[in-house]
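Let's look at two protein chains together and ask how each label is earned. Have the picture open while you read.

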Amino acid sequence: MHETTSTSVDLKPKDGGLLAQFKNPTALAAACEKVRDAGYKKWDAHSPFPIHGLDPSVGIRPTRLPWLIFGAGITGTSVAILLQWWTNAVNYTFSISGKPFFSLPANIPIAFELTVLFAALTAFFATLGRNGLPRLHHPLFNSERFLRATSDGFFIAISSDDPGYRPDSTRALLEAAGAEAVEHMEDDSQINAKLPRPLTIVLVTAFVLGFIPLGVIARARTNTSPKPRIHVVPDMDSQPMFKAQAAFSGFSGFADQRAMRQPVAGTVAMGDRHLDEHLTQGIVDGAFATTLPSEIPMTRSTLERGRQRFNIYCAPCHGEAGYGDGMVAQRAQALGSPKWVPPTNLHEPRLRSQPFGQMFNTITHGIRNMPAYGHAIPAKDRWAIAAYLGALQLSQNAPLSAVPQEQRAALK
Amino acid sequence: MTSTVYSDKEFDNTGADPTARAPLILGDLDIQGVTDVVAGIPEQPRTSKAWWIAFGISVSLAGMFGLLTAHLIYTGTGVWGNNIPVGWAWPIVNFVFWVGIGHAGTLISAILFLLRQRWRTSINRFAEAMTVFAVICALIFPGIHVGRIWLAYWMFPVPNQMEMWPNFRSPLLWDVFAVGTYGLVSTLFWFFGMIPDLATLRDRATGCIRKAIYGALALGWNGSARHWHRYERTYLILAALATPLVLSVHSVVSFDFAVAVLPGWHTTIFPPYFVAGAIFSGFAMVITLAVPARIIFGLEKLITLRHLENMAKVILTTGSMVGYAYGMEFFIAWYSGNATEGFTFKNRAFGPYAWAYWIMVSCNVIAPQLFWFKKIRSTPWLMLIVCIFVNIGMWFERFVITVTSLSRDFLPSAWGYYSPTLVDIGMLIGSFGIFFTLFLLFLRFVPVVAMAEVKAIMPEAHIHKSSHGEEPAHHA
């Protein structure tokens with residue numbers, strides 16, 4: 001819109017052109033041909049329904065919209081295939097029954113739907129756009145007579161913008177073409193072009209306020225926060241449960257005040273079925289076993305296994321030779337820690353006379369400061385350690401007679 | 001103007017003589033008359049008492065649906081009768097039922113348009129509205145069936161902080177795209193076809209508010225020949241797009257079942273069988289709605305007996321296709337030699353849900369065969385009764401497919417029985433409330449017949465090149 005200096009010019013409606021009404025489609029088509037042949041460019045026929053065969057009379061060339069819609073459809077297909085390939089085969093791969101991540105047959109339905117969706121949306125909006133709609137203000141709408149154009153009226157409107165437009169000669173042409181009535185259209189778009197002031201204020205305010213949530217989101221995306229994420233629906237954030245040592249936890253438990261049901265009497269936990277007392281607890285007839293269980297033969301490989309396990313689990317405190325001088329013990333002594341309970345020297349006479357079963361039991365359950373290793377070392381390995389320990393103790397207290405004759409000289 | 005004047009009372013336009021084309025519009029309606037009859041409905045100064053009563057009932061039921069949905073969301077899906085093994089129960093049955101209802105609308109508006117069946121113009125607006133409202137009802141059910149409905153957006157490929165994407169090889173996701181596209185495209189198609197008629201209402205409006213609302217909705221339509229040119233081309237393309245779309249939607253819905261390995265579901269006949277069933281149920285719903293509406297709003301001259309009879313013939317055809325599909329399922333169950341498949345179908349007909357199966361067969365296979373009799377397919381109230389039976393039958397078809405297969409699958413130790421709760425029943429009834437609320441609003445405020453399209457098929461709408469004052473006869 002042009003800003004004009006004189007307001008009096010502004011307030012006067014312009015001549016928008018001529019509007020002529022015709023009796024029926026046949027009369028309209030005949031008149032259209034005359035207007036077309038007179039060389040007018042900015043004019044149009046108006047009817048309440050599409051009149052088939054009118055297009056050549058008005059001089060309308062076939063629209064190219066179908067090509068646009070076709071292009072949109074192809075775009076939809078490509079977008080769908082790319083989306084499915086990138087999301088499911090590249091960015092976030094789903095392995096489902098070992099099927100390929102990308103397989104065209106499984107992607108056809110969505111490719112088809114998006115083809116139709118893109119094409120249909122384009123068809124709708126491109127048609128409106130090419131028709132210049134929505135356009136709620138038009139010189140035509142100032143004519144009382146034109147209200148019948150959507151009911152049963154047939155019209156030709158020639159715009160005053162047409163280079164060939166002359167009020168008199170154009171009127172004469174329309175009348176000669178068989179118009180029932182010809183009238184001037186008023187173009188008041190200069191006057192009514194501006195939005196009402198309150199509406200402008202509302203729109204500008206809404207536009208400005210619309211940036212606030214965007215700003216908040218942009219800030220949240222670029223900053224860190226010590227607070228947890230906002231949960232719109234708390235979902236599983238709050239769960240009633242028994243809390244140990246809490247006076248009130250929001251959970252009253254079962255009728256017997258317990259938080260969990262007891263297992264059925266006689267239930268045995270997985271891996272807790274100890275039928276062989278000798279192998280699993282080191283006990284024979286209520287006393288510590290003095291021999292290894294029959295599953296653990298006293299062989300070189302058992303002792304080697306025992307040595308390896310001993311050096312991993314026991315030596316850090318007890319030392320590789322078993323004198324209670326492992327790395328941990330040496331370090332604690334160096335620090336002079338007052339709370340340190342020194343590890344036992346495994347060569348004390350008290351320990352040398354211990355049965356294998358008792359050693360096994362100590363490794364399993366721990367003693368004094370020593371933790372239990374039952375959960376960490378399988379039973380057979382614990383027996384191997386016990387067997388190796390027997391050999392280790394013997395190695396440090398063997399009588400000379402136990403040494404082979406030919407090596408006794410080396411010890412002297 | 002027309003020289004021959006037909007009255008709907010004295011002229012029977014349901015004749016089968018192919019040499020004499022029956023008129024599509026009866027009575028002395030000219031172009032202005034069509035406008036007056038159709039635009040007169042939304043322009044009635046006072047709303048009829050019957051409309052208010054029907055609207056009151058529908059809104060109450062829709063409100064009940066809202067309350068039950070709130071109860072469901074607050075409490076959880078346990079308020080329904082769904083159990084294991086029947087995890088898909090009434091919500092999915094209702095979803096498939098409503099989607100199917102919608103299909104006739106698109107069929108009438110798109111496929112019949114492409115086939116140049118001009119009789120569609122009187123009923124297409126009506127049927128398309130039914131489509132849009134039925135799809136709305138349908139979309140609600142899977143939406144609330146997901147349980148935590150505030151996470152329903154996970155169904156869409158939205159970038160998220162978990163860096164996860166939906167599984168595009170799942171039929172359930174195809175469903176999201178198919179039904180979503182269908183809902184959007186049918187709404188666009190409906191609105192696009194309505195723009196010229198909304199302009200008619202705008203130009204006839206007297207009140208300020210009506211002028212503003214219809215004016216905004218008409219988007220400034222002025223009936224320009226250049227606009228009509230593009231409009232018609234686009235309408236044709238939209239119809240050509242909607243035609244494969246409508247066939248794809250119920251095929252994809254059937255994939256929800258057919259892609260699973262469950263006996264009774266895992267079958268290739270499902271896509272065509274579901275599409276035929278959808279058209280069958282949709283046309284039955286159009287007749288159910290059209291018979292009372294044409295009387296209440298005085299549209300007998302536009303929606304003539306011939307329209308109703310044509311639809312009855314479509315119901316007879318698709319009903320026979322559905323009956324054939326039922327038979328073929330049994331044949332394949334036997335012919336495949338698959339013991340589980342064989343058991344499933346014996347179980348359908350004679351198991352704990354035999355009552356549902358036989359309701360389905362009597363309503364869907366036997367009832368439409370009555371349309372072989374001309375008396376029945378040209379008497380509106382008899383058609384209405386048959387069509388209500390078809391609607392009931394088609395609901396039971398989805399129930400039989402969903403529930404019988406799930407309740408007894410491969411492992412007898414996992415068998416169960418499903419019974420709906422009061423909430424299930426209330427929500428099914430409530431969904432009808434939503435549908436009829438929207439439909440009554442449509443009848444009251446929107447032109448129910450596509451005026452511009454009806455006018456365009458009237459003889460006086462054509463250009464007569466060699467006019468000697470002689471009017472051509474009515475032709476269809």
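Q: What does buried area mean when two chains are put together?
A: Buried area is the accessible area that two parts lose on being put together, summed over both. In this predicted model, chain A and chain B bury about 6,100 Å² between them, with 65% of it on carbon and sulfur atoms. On the chain A side, Glu113(A), Phe124(A) and Thr150(A) lose the most area to chain B, together 11% of what that side buries.

Q: How many residues of each chain are in contact?
A: 73 residues of chain A touch 63 residues of chain B.

Q: What makes Asp44(A) and Arg226(B) a salt bridge?
A: The rule asks for a side-chain nitrogen of Lys or Arg within 4 Å of a carboxyl oxygen of Asp or Glu. Here the N to O distance is 3.5 Å, so the pair meets the rule. Across the interface of chain A and chain B, the rule finds one salt bridge.

Q: Why is Asp44(A) called buried or exposed?
A: Buried means under 20% relative accessible area. Asp44(A) has 12%, so the label is buried. Its partner Arg226(B) has 23%, which lies between the 20% and 50% cut-offs, so Arg226(B) is partly exposed.

Q: How do you know that Asp36(B) and Arg204(B) form a salt bridge?
A: Their N to O distance is 3.0 Å, and the cut-off is 4 Å, so the pair qualifies. The two sit in distant parts of the chain: Asp36(B) is in helix 1 of chain B and Arg204(B) in helix 5 of chain B, 168 residues apart. Asp36(B), Glu43(B) and Arg204(B) are linked in a network of salt bridges.

Q: What makes Glu309(B) buried but Lys374(B) partly exposed?
A: Glu309(B) has 2% relative accessibility, under the 20% limit, so it counts as buried. Lys374(B) has 35%, between 20% and 50%, so Lys374(B) counts as partly exposed. These two also form a salt bridge, with the closest N and O atoms 3.6 Å apart. Glu309(B) lies in helix 9 of chain B and Lys374(B) in helix 12 of chain B, so the pair ties together parts that are 65 residues apart in sequence.

Q: What is the predictor's confidence in chain A?
A: Chain A averages a pLDDT of 85, and 94% of the residues score at least 70. Over residues 1–9 of chain A, pLDDT stays under 50.

Technical notes. Residues numbered from 1 in each chain as written. Chains lettered and ligands numbered in written order. Predicted model: local features only at pLDDT ≥ 70, side-chain atom pairs only at ≥ 80, totals over all residues. Heavy atoms only, no water. Contact = heavy atoms within 4.5 Å. Buried area = accessible area lost by both parts, 1.4 Å probe. pLDDT = per-residue confidence, 0-100. Buried < 20%, exposed > 50% of the residue type's maximum accessible area, 1.4 Å probe, protein only. Helix = DSSP H or I, 4+ residues; strand = E, 2+ residues; numbered from the N terminus.
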